[in-house]
Amino acid sequence: MSYVVPSHPAPPGARPPGSRRGGRWSRTVRRLAAVVALATGAALAGPGAAGASAAEPAQARAAAALERVTSFGANPGGLNMYVYRPAALPANAPVVVALHGCTQGAQVYSDNSGLNTFADRHGFLVVYAETTTVNNASKCFNWFQPGDTRRGQGEAASIRQMVAHAATAYGVDTGRVQVTGLSAGGAMTSVMLAAYPDVFAAGAVVAGIPYGCGTDVVSAFGCMSPGVDRTPAAWAQAVRDAHPGFAGPWPRVAIWHGDNDAAVAPRNADELRDQWTAVHGLGQTPDRTSTIGPNSTRRSEYLAADGGASAVEVNRVPGIGHGTPVDPGSGAEQCGATGTQHFIDSVCSSYWITRFFGLDGTTTPEPPVDPPTEPAACWSANNYEHVRAGRATTTGGQVYAKGSGQHLGLYNTFVTHTLQESPAGHYVVADGSCP
């Protein structure tokens with residue numbers, strides 16, 4: 001679908017007149033999409049995530065001082081820009097772009113994600129991009145709409161313009177620009193890394209979706225659950241097609257996903273891994289594995305070809321559903337608040353994301369926390385749940401264990417198996433033999 005980029009800024013919070021997408025049929029489709037997107041938003045972020053109420057804990061209501069930037073240049077996506085600037089922001093500081101989940105906003109994400117804690121500690125700027133109900137009825141970033149996901153168009157172009165504005169207005173280092181986001185914001189993080197690999201040095205996708213998965217509302221639901229299984233080469237080609245001719249270096253990518261995510265199936269973490277390891281020319285077997293944080297989040301690292309820092313890492317958070325992992329407290333590795341939905345008390349993901357971005361002063365790759373052999377994990381479930389969780393794939397009504405390709409039987413809820421994972425992403429049948 002075509003999309004017109006205006007030559008003048010749009011009013012804050014609204015699409016400019018020049019960005020109208022077609023005639024009566026297009027308007028009908030947009031109305032239908034808005035209705036369905038409302039359901040999508042409820043699935044991705046939940047009805048209580050829009051903001052903290054008077055009944056919520058004080059920690060959720062402690063608002064950070066965000067600066068509203070009312071004019072930041074061309075804004076074809078009709079987004080809002082907010083900035084968190086530490087009191088002691090150094091010259092040539094790094095910048096992190098943060099993208100909220102559905103029904104949320106910049107302030108909610110700022111108050112609960114914990115990013116500002118590390119901006120203060122390490123001296124970097126945080127740009128909070130915010131979408132509106134004008135764009136999407138549930139305030140989801142339109143990660144599945146081609147007019148918003150292509151280089152130079154829509155919401156993607158607006159976010160890129162925010163980075164350009166930050167460079168001139170705040171003097172940030174354009175060589176140290178990162179992006180992260182939750183859910184729809186995580187999926188939009190994938191968009192920004194693919195469409196603007198020349199702008200972003202790294203990204204962290206939290207409960208998100210690979211680039212190029214959905215192209216409309218209907219396909220977006222399939223991407224969310226049960227997820228879409230493609231080859232690493234196919235996923236990588238989608239990224240390369242987003243900016244033809246770009247030869248690298250490609251952004252580094254961290255992936256975070258809860259094991260019990262019922263909104264965006266955990267298999268999306270595997271597909272994201274497949275996408276970005278293939279982009280970097282790496283295999284899908286991790287170079288080292290470890291556990292991190294107080295809840296033993298399982299981390300798998302895929303080292304860059306030069307053997308330096310991880311080009312890709314996957315963090316599988318045990319026992320949590322759909323949301324940003326946080327760990328409220330004042331400890332060195334703690335952050336965030338849980339006063340609103342979808343910020344889940346488990347591990348401070350922002351601490352580890354900041355570390356992955358190289359913003360904490362770390363100059364050498366950190367050693368594994370545990371020996372480089374991840375303990376085998378076991379899951380007992382029916383074939384439908386194994387596929388939904390990304391432990392198996394389905395072809396022609398039959399189910400096969402991911403990695404080993406072992407046949408599990410029919411794709412239904414009546415056939416049950418125990419699968420053992422070792423190494424990460426490789427599953428074998430372990431009926432009766434798993435500890």
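User: Are Tyr 351 and Trp 352 buried or exposed?

Analyst: In this predicted model, both Tyr 351 and Trp 352 are buried. That word is used because the relative accessible area is under 20%.

User: What makes the pair of Tyr 351 and Trp 352 edge-to-face?

Analyst: Happy to go through it! The planes of Tyr 351 and Trp 352 stand at 90°, and the centres are 5.0 Å apart. Rings pair if their centres lie within 6.5 Å, and planes over 60 degrees apart count as edge-to-face, so both tests are met. Phe 118 joins Tyr 351 and Trp 352 in one aromatic cluster.

User: How many aromatic pairs does the structure hold, and why is the pair of Tyr 109 and Phe 343 called tilted?

Analyst: There are eight aromatic pairs. For Tyr 109 and Phe 343, the centres are 6.0 Å apart and the planes make 50°. Stacked needs under 30 degrees and edge-to-face over 60, so this pair is tilted. Since Tyr 109 belongs to helix α3 and Phe 343 to strand β12, the pair ties together parts 234 residues apart in sequence. Both Tyr 109 and Phe 343 are buried.

User: How do you know that α3 is mostly covered?

Analyst: By its residues: seven of the eight in α3 are buried. Among them are Val 108, Tyr 109 and Asp 111. Just after α3 comes Gly 114, with a positive phi of about 90°.

User: Why is α4 called oblique to α11?

Analyst: Helix α4 (residues 115-122) and helix α11 (residues 349-356) pack at an angle of about 45°, and their axes are 9 Å apart. Roughly parallel would need an angle under 35 degrees and roughly perpendicular one of 65 to 115, so α4 is oblique to α11. The crossing of α4 and α11 is right-handed.

User: Which residues make the contact of α4 and α11, and how do they divide into nonpolar, polar and charged?

Analyst: From α4 come Leu 115, Phe 118 and His 122, while α11 brings Ser 350, Tyr 351 and Thr 354. The residues of this contact divide into three nonpolar, three polar and no charged.

User: Why is Ala 169 called partly exposed?

Analyst: Ala 169 has a relative accessible area of 44%. Buried means under 20% and exposed over 50%, so Ala 169 is partly exposed. Ala 169 lies in helix α6 (residues 154-170). From C-alpha to C-alpha, Ala 169 and Phe 72 are 9.2 Å apart in space, with their positions 97 residues apart in sequence given as the separation.

Notes:
Residues are numbered from 1 along each chain as its sequence is written. This is a predicted model: local features need pLDDT of at least 70, side-chain atom pairs count only at pLDDT 80 or more; totals for chains, interfaces and linings use all residues. Side-chain values use heavy atoms; hydrogens and water are left out. Axes are lines fitted to C-alpha atoms, for helices over the stretch in contact, and angles run from 0 to 180 degrees between N-to-C directions. Helices (H or I, at least four residues) and strands (E, at least two) are DSSP runs, numbered from the N terminus. Angles under 35 degrees count as roughly parallel, over 145 as roughly antiparallel, 65 to 115 as roughly perpendicular and the rest as oblique. A crossing is left-handed if the near helix is turned anticlockwise from the far one by less than a right angle, and right-handed if clockwise. Contact means heavy atoms within 4.5 Å. Ala, Val, Leu, Ile, Met, Phe, Trp, Tyr, Cys and Pro count as nonpolar, Asp, Glu, Lys and Arg as charged, and the others, Gly among them, as polar. Buried means under 20% relative accessible area, exposed over 50%, partly exposed in between (1.4 Å probe, protein chains only).
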